[in-house]
Amino acid sequence: MLFRLNYKAGKAVYLQLVDQVKAAAASGSVQSGEPLPGIRPLAEELRVNRNTVAKAYAELEAQGIIETIAGKGCFVRENHSPYKKEVRRKLAAATMDDAVVQAHHLQIERTEFLRLAEERFDAFQDRRTRAERA
Amino acid sequence: MSHQSDAVIEASGLVRRYGRTDAVNGLDLKVGAGRCYGFFGRNGAGKTTTIKCLLNLLRPTGGEVRLFGLDPARHEVAVKSRLAYVPDYVAFYPWMSVRETLEYFASFRPHWNRETQRALLGQFRLDPGQKTSHLSKGQRTQLALIAAVCPEPELLILDEPTSGLDPIVRREFIQTVIGAYQEGEPGRRTVFVSTHLISEFEGLIDEFTIIDEGRNVLTLEADAARGRYQKIHARFPAEAPASGFAAAQLLRRSGRELELIAEGNAAEVLDRLRVHSPDALTVEALTLEEIFVCTVQPRGLVA
């Protein structure tokens, strides 16, 4: 997969890498079992500190999104969060709050918001299904 | 030893005078093992003088310097065997070939990675038989980098390494530092790079010090810095307000538009701006280069 960094995003570089892998896995552009680039080639390509890449991969592993196989590298895992359902709901709720705040200021009403949420959810699912078939 | 610590480089109250000029004037610096540390400053800010004091090429007028916890003046060989240095201007014996030059450098080192040497010579397309006097500036820098990486030192000191090089050579240089140098034991490979070409090294740097007029003016983690400095652009329906925002640096102001830099107080500044019902309000983080400029050359504060 191709990564893109934005130094003006105000987001730590390793988190940008983490989020891009998560988005790619959610939309099916990388699939479970697929390898991620090695730490050295990716660090060289992006011209970032290899500690940054190592930190991103460690975070992805802690979140259960990738797994490291000794001597082989890092691979995307079957979607499997290590957290309990309760914690997963809390984490999702925190992010949804941001969207609700944004919607409020953009004057998007409840029904419209919920319809939009469904639409986005389906969009990701569609892309995943299409990617799996291809 | 009274000065044992985990820091690879440590300077406290470093002073170096040339005649009546204070080139370095009370500098403090602490670089931990395994870091990629940026040392940013304008021309004449005291970067090279500091580095020469670290390397014992200059005697400090005052203050203390420690490398690996040792005084570089008293333990010169012990210190120098653990580091490599690429200066901004590299000179070699003109009668030697590339191969002879590397053999000459290797003769001073207890350890030399021949595999890395071969790989980098190939990657840079350097002809081992070429006389060093026939090398271009870019090729001389590449040769100096090979000579610095092959002994696999714990500390790599780079002084304006990429100034005057073309963009391709600059990229390859940084990729080599990331790839070949950091390959083994990343936790024990420390990079200390002085530069004013900050954007080139943006991704490499994880901590930095900005030096101006011989003093450190700012030391921060790169990620923390990007979170702390924000550029705010606002456009108003009428004339932009001249005051009434929390302390922020005024970058530009023209008619209905305003550009400010907030340092850690972006939320407060935004709240104050919203009072004037702006048509548009955007926030973006500053790059390290922009942080450098607004630190070394601050505009007027507006309240």
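**Notebook: a sheet in chain B, the chain contact, the domains of chain A**

I began at a single pair of residues in chain B, where B:Asp212 has B:Arg215 as its bridge partner in S9(B). I kept in mind from the start that the model is predicted.

Following that pair outwards, I looked up the two strands around it and found strand S8 (residues 207–212) of chain B running antiparallel to S9(B), with six bridges joining them. I noted for context that strands of a sheet pair through backbone hydrogen bonds, either parallel or antiparallel.

I then asked which sheet these strands belong to, and in what order its strands are set. The sheet is open and has six strands, which I read off in the order S5-S6-S7-S3-S8-S9 (chain B), with mixed pairing. At its edges I found strand S5 (83–86) and strand S9 (215–221) of chain B, each of which pairs on one side only. From one strand to the next I recorded an average twist of 15°.

Next I looked for a helix packed on this sheet, and noted helix H9 (residues 288–296) of chain B, which lies across strand S3 (36–40), S8 and S9 of chain B and runs at about 30° to S8(B).

I turned to the contact between the chains, and wrote down 16 residues from chain A and 19 residues from chain B. On the chain B side, helix H6 (167–181), helix H7 (222–228) and strand S13 (280–285) each supply at least two residues, and I marked H6(B) as giving the most, with four residues. Sorting the chain B residues that touch chain A by character, I obtained six nonpolar, seven polar and six charged.

For chain A I looked up the division into domains, which gives domain 1 (13–76) and domain 2 (85–133). Their C-alpha centres lie 24 Å apart, and I found five residues of domain 1 of chain A in contact with five residues of domain 2 of chain A. On the domain 1 side of that contact I listed one nonpolar residue, four polar residues and no charged ones.

Before closing the page I checked the confidence values, and entered ipTM 0.79 and pTM 0.85 for the model. Chain B averages a pLDDT of 90, with 96% of the residues scoring at least 70. Which elements of chain B mark the lowest and the highest mean pLDDT? I found the lowest, 64, in strand S14 (residues 301–302) of chain B, and the highest, 97, in helix H3 (residues 98–106) of chain B.

Technical notes. Residues are numbered from 1 along each chain as its sequence is written. Chains are lettered from A and ligands numbered from 1 in the order in which they are written. This is a predicted model: local features need pLDDT of at least 70, side-chain atom pairs count only at pLDDT 80 or more; totals for chains, interfaces and linings use all residues. Domain bounds come from an automatic or database domain assignment. Two residues are in contact if their C-beta atoms, placed from the backbone, lie within 7 Å. Ala, Val, Leu, Ile, Met, Phe, Trp, Tyr, Cys and Pro count as nonpolar, Asp, Glu, Lys and Arg as charged, and the others, Gly among them, as polar. Two strands pair if DSSP finds at least two bridges between them. Axes are lines fitted to C-alpha atoms, for helices over the stretch in contact, and angles run from 0 to 180 degrees between N-to-C directions. pLDDT is the predictor's confidence in each residue, from 0 to 100.
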